[in-house]
Amino acid sequence: GAILKNHTASPGKRGRPAGTTPGIHHCHLLMYTSNDISLRPVTTFAEWLDIEKITNGPAYLQYDPEKPMMTPAQQATFWRDFVETGQFIILGIYDRENSALIGHITAFDFDPPLKTCEIGINVLPPENFGLGIGAAAIPLALGFLKAQWDLASVHMLTHASNIPSQKLFRKCGFKAVEWAEKDEVKMVYQF
């Protein structure tokens, strides 16, 4: 199971830890861990750029050649408009043995009245595919999201041909639901 660790730091001038993002300051010091990985919120632009370097790299793009490359200005705008406002929560996945960044989970499209959001996952580099990292990280992310936002459900969307993703989310307790888009599959996790 997941172990919640609370770390301490002194607050910045506005009552949040120095250098953190306003939209996610209340969860900055939380870390969820399993035997092999740790999961924690990405709270600085520099950390997010580390993720972008990996997901925009040639090793990843061979798996998603349609992924548009973001310019530095687009990266800064995305961070300011979506992450700093709390519309996107980015959780870094780190190898506990060497602290290497090995992926991330993004939560977005929060719907407070319905108590739900959407998540997506990237495990990187591709040599880490199939090693159980996603199966360890998704339950940690679900625990984090439930604890921080008291969600009732979380959903994911993937292309119908992305069978490995569907198997991963099914393994983590998600169930397929009817969806209007023929080329997409929607899966939901109910807390």
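## Aromatic pairs

There are 13 aromatic pairs in this structure. Here two rings of Phe, Tyr or Trp (for Trp, the six-membered ring) pair if their centres lie within 6.5 Å, and the planes make the pair stacked under 30 degrees, edge-to-face over 60 and tilted otherwise. A heads-up on the source: this is a predicted model, where local features need pLDDT of at least 70 and side-chain atom pairs count only at pLDDT 80 or more, while totals for chains, interfaces and linings use all residues. Residues are numbered from 1 along each chain as its sequence is written, and side-chain values use heavy atoms, with hydrogens and water left out.

Take Phe88 and Phe108 to begin with. Their ring centres sit 5.1 Å apart with the planes at 15 degrees, so this pair is stacked. Phe88 belongs to the loop between helix H3 (72–83) and strand E4 (89–95), while Phe108 is part of strand E5 (residues 101–111), so the pair ties together parts 20 residues apart in sequence. Helices (H or I, at least four residues) and strands (E, at least two) are DSSP runs, numbered from the N terminus. Both Phe88 and Phe108 are buried; that means under 20% relative accessible area, with exposed over 50% and partly exposed in between (1.4 Å probe, protein chains only).

Then there's Phe110 with Trp149: ring centres 5.5 Å apart, planes at 45 degrees, so the pair is tilted. Phe110 lies in strand E5 and Trp149 in helix H4, so this one links parts that are 39 residues apart in sequence. Phe110 has 25% relative accessibility and therefore counts as partly exposed. Trp149, at 24%, counts as partly exposed too. Back with the stacked pair, Phe88 and Phe108 also join Phe45, Trp48, Phe78, Trp79 and Phe82 in one aromatic cluster.

## The fold overall

The chain has five helices and nine strands. Read from the N terminus, the order of elements is β-β-β-α-α-α-β-β-β-α-β-α-β-β.

Of the 191 residues in the chain, 41% are buried. If you take the contacts (heavy atoms within 4.5 Å) with a separation of 6 or more, 55% of them join residues 24 or more positions apart. One example of a long sequence gap is Arg40 and Leu140: they are 100 residues apart in sequence, yet 9.5 Å apart C-alpha to C-alpha. Arg40 has its place in strand E3 (residues 37–41), and with a relative accessible area of 26% it is partly exposed.

## Around Cys117

Cys117 sits in strand E6 (residues 116–123) and is buried, with a relative accessible area of 0%. Leaving out residues up to four places away in sequence, Cys117 touches Ala107, Phe108, Asp109, Phe110, Leu145, Leu151, Ser153, Val154 and His155. From Cys117 to Trp149 is 32 residues in sequence and 9.8 Å in space, C-alpha to C-alpha.

Two backbone angles in this part of the chain deserve a look. Most residues other than glycine have a negative phi. Asp109, one of the residues touched by Cys117, has a positive phi near 50 degrees, and it lies in strand E5. Lys115 isn't a glycine either, and its phi is positive at about 55 degrees. Lys115 is in the loop between E5 and E6 and, at 34% relative accessibility, counts as partly exposed.

## Helices H4 and H5

Two packed helices are described by the angle between their axes and the distance between the axes. For H4 (residues 133–149) and H5 (residues 163–171), those come to about 50 degrees and 9 Å. The axes are lines fitted to C-alpha atoms, for helices over the stretch in contact, and angles run from 0 to 180 degrees between N-to-C directions. H4 and H5 are therefore oblique to each other: under 35 degrees would be roughly parallel, over 145 roughly antiparallel and 65 to 115 roughly perpendicular, with the rest oblique. H4 passes H5 in a right-handed crossing, where the near helix is turned clockwise from the far one by less than a right angle (anticlockwise would be left-handed).

On the H4 side, Gly134, Ala135 and Ile138 meet Leu168, Phe169 and Lys171 of H5. By class, that contact has four nonpolar, one polar and one charged residues; Ala, Val, Leu, Ile, Met, Phe, Trp, Tyr, Cys and Pro count as nonpolar, Asp, Glu, Lys and Arg as charged, and the others, Gly among them, as polar. Also in H5 is Ser165, which is buried at 15% relative accessible area. Setting aside its neighbours within four places in sequence, Ser165 is in contact with Met156 and Thr158.
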